[in-house]
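I wanted to get my bearings in this structure, so I opened it and started a page of notes. Here is what I looked up, in the order I got to it.

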Amino acid sequence: MWALDQPCAPRTGRLFADTPLALLVVLALGAATTWALVELGVLAPPAMHVAGVTAGHGALLATAFAWARVRSGSGVVVVALLGLAASVNALGVFGAFAYLGPPLWVAWLARRGRLAGLGLGAPVSLRCVLAGAGAGAFLASHLLVSTSRTLGVHVRLDHMSEVLAALGYDVGANVLAAECFFRGALFNRAQRRWSFTVAATLATTSYVVRYLVDPLLPKSIELVVGAVFYLALLGAINCWLLWWSESLVPGLLSALVFFAAYRTLGSG
Amino acid sequence: MAAGLAAVTALIALDGAGPASLFRHAYLVPVVMAALRFGAPGGALAAGAAVLLSAPFVLPEIERSGLTPDAAEGLVTFAVLGIVGALSGVLRTRVGRHRRRYETLVALQRALADEATLDVALTRLRAALAGRLGFDDLVLVARDGTGLVVAGGDRVAPGSLVARVLDSGIPELVWDAGSDVLSRRAFAAPLVAGGQAIGVLAVERKGEIPAEERAALEALGAHVGLALENARLASRQRLFAAELAEKVRAARQELEELDRVKSTFVAIASHELRTPLTALQGFSELLALRRLPPEEVSRLAGIMRREAKRLGRIVSDLLDLSRIERGLDPALCRIPLAVEPAIVATVDLFRQGTVTHPIAITCEPSLPRVDADPDALERILTNLLSNAIKYSPLGSVVRVGGRAVGGAVAIEVADAGRGIPAEALGRIFEPYYRAPDAAGTTHGTGIGLAVVKALVEAHGGAVRVESAPAIGTRVTVILPAFHGPVP
């Protein structure tokens, strides 16, 4: 028993200790430079999207890796893979498959046991996987029903190429980065200092804020309210899934199912 | 519960009455059931799920027509579901906690109902608590003198949470226990008795240990501490009672033995007094009633004188014993006394009667004088010689002598008798005691050696006995030599 056998040393590290500040500064400078070059007309506007994806999601993933004490080179690799995927994705519909790079890299690291601190790599039971898929499916179906009844938005399958590209982005960047950072890193660290409620509130609030500042989120009030509602629910549920299963996989699955449903929505 | 919620949602959809459908009240059934089954989390979750499921019926109405009466009813239903789910869940949780607390207290009392050592009591307590409190791990530690007794582990590591709480007496919660992917919570509360931390109750869980539960554990720590202290006191009281009963039994046995010994002594002493008295009475009547020749008168007078002396010696011994039993030293009148003449005079007394044993005297030349009471020395020698003669075979030699030992004189009386059994050697100086093999075969009061010891010690000397079965016994009396000028 830990309380009996192990020395109980007071905590010394801060919540944001081990953050890779140098890499974050480089990413920020890169994004700012790209924005300036786009504004000056030197680069085409899609370059800003590539830089934004690389800097935003790369920062989240690299920070999550650093907090999990993975070697700094792994963070740089994932940033590079994200940049490559975003660039290739801009070239055409099949470029979405390039987004498989970051998750494959994460899977490789997890298989070698380097991401145990994020809740990746350890075996996860089928019950937990089904719970994650079920939670995502419940939220997704609720989203589909309520949006169709309130906003008149329905499932549309006539824009599959866009859906495929968005799904690739979710798998390789959006969901992967958000779950690794907000659940695997931030919530995990916070729950070692405070109660589940406080940690989940902190992680979920940060998660919602991250989407609210995302330039890709439509700015209509109905959509913002809906996004806050569903993202808060998804964030809280995923915190609980990680807490309950001790694995990030159910949360990843839950978020993927939810975002997949979200991507199929279209008006008209 | 999930099926119930889905069924109610389906009924509302089929009803087509929108947010005002009467079926919406049916959500209360699965919500209350979830609250009663799973407590506050179950009630809140079921209420949240019910609100989520009914939202697609209420929100479009607001979207289309604003806050109509139907939409308002739907919103009120949201609030009612939330309040009922949370409230009934919280009440269910609290009732469950109270019930568990009382059950735990009863289990705690049962665990300590029987007499048990501290480690057994702690193990029982741990078994009773572990199954009820719902933690992954539980340990009980209690102080036992200078050491610690641990139930649920081997030892308390220095600097561990348990060691810290044991030292400080203040409960402590650790959010991040262990090195798992997700942390465990560890909480340790002191076991308090008489304002002191007499131990620690420590628990661990993968999951929350809320403030209310921690407060309950603190209270439980006080209960356990008190129960342990009571058990310890009861155990001590039982031990004390057993010791007291043993002492009373031993004292009673001793008194009974003393009573028996005194009764035996009275019988023996009466017999010992009666023998010389009978002789005195008989010979004095003979002298009074008959006219006897002068030689016969002289012989009878000699016998009467010896018996009177014997009587006087017995009475003196009894008086000395009485003083010893009252804690007083025998009365002495000490003078510088030559040992050899005293030995010779006493031996002569024995030689005047019927000689059954030859008595050999061997004294060192120029033996120093002793600082002693002549009468006391005579009684010491008489008692020792009397015993030597009494307990050795007819005709065997009794040896008596004196020698200088340092600043003292050692007087030895040795016989070639049957000896004293080893188990009786330690008791022969006790008043009234007679060795078991001597009691039935020879006469004696059992006070002679007690008086010898008292008289010798009153002189500042010592007495020592060496005996070997079938070889004989040697008694050595050591008296301080006189170092002053001879008057």
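Started with the contacts inside chain B, keeping in mind that this is a predicted model. Of the contacts in chain B with a separation of 6 or more, 65% join residues 24 or more positions apart.

Next I checked what chain B is built from. I found 12 helices and 12 strands in chain B. I also looked up burial: chain B has 487 residues, and 32% of them count as buried.

Then I picked one pair of strands to look at. In chain B, β1 covers residues 137-144 and β2 covers residues 147-151. I noted that the two pair in the antiparallel sense, over 5 bridges. One bridge I looked up by name runs from Ala142(B) to Val149(B), the latter in β2(B). What do β1(B) and β2(B) form together? They make a hairpin, with 2 residues between the strands. I looked into the turn as well, where Gly145(B) has a positive phi of about 65 degrees.

Last stop: where the chains meet. How many residues does each chain bring to the contact? I got 27 residues from chain A and 31 residues from chain B. On the side of chain A that touches chain B, α1 (2-5) and α6 (126-150) of chain A each supply at least two residues. The largest share of that side comes from α6(A), with 5 residues. I sorted the side of chain A that touches chain B by class too, and wrote down 12 nonpolar, 9 polar and 6 charged residues.

Technical notes
Residues are numbered from 1 along each chain as its sequence is written. Chains are lettered from A and ligands numbered from 1 in the order in which they are written. This is a predicted model: local features need pLDDT of at least 70, side-chain atom pairs count only at pLDDT 80 or more; totals for chains, interfaces and linings use all residues. Two residues are in contact if their C-beta atoms, placed from the backbone, lie within 7 Å. Helices (H or I, at least four residues) and strands (E, at least two) are DSSP runs, numbered from the N terminus. Ala, Val, Leu, Ile, Met, Phe, Trp, Tyr, Cys and Pro count as nonpolar, Asp, Glu, Lys and Arg as charged, and the others, Gly among them, as polar. Two strands pair if DSSP finds at least two bridges between them. A residue is buried if 20 or more other C-beta atoms lie within 10 Å of its own, exposed if 12 or fewer, and partly exposed in between; C-beta atoms are placed from the backbone.
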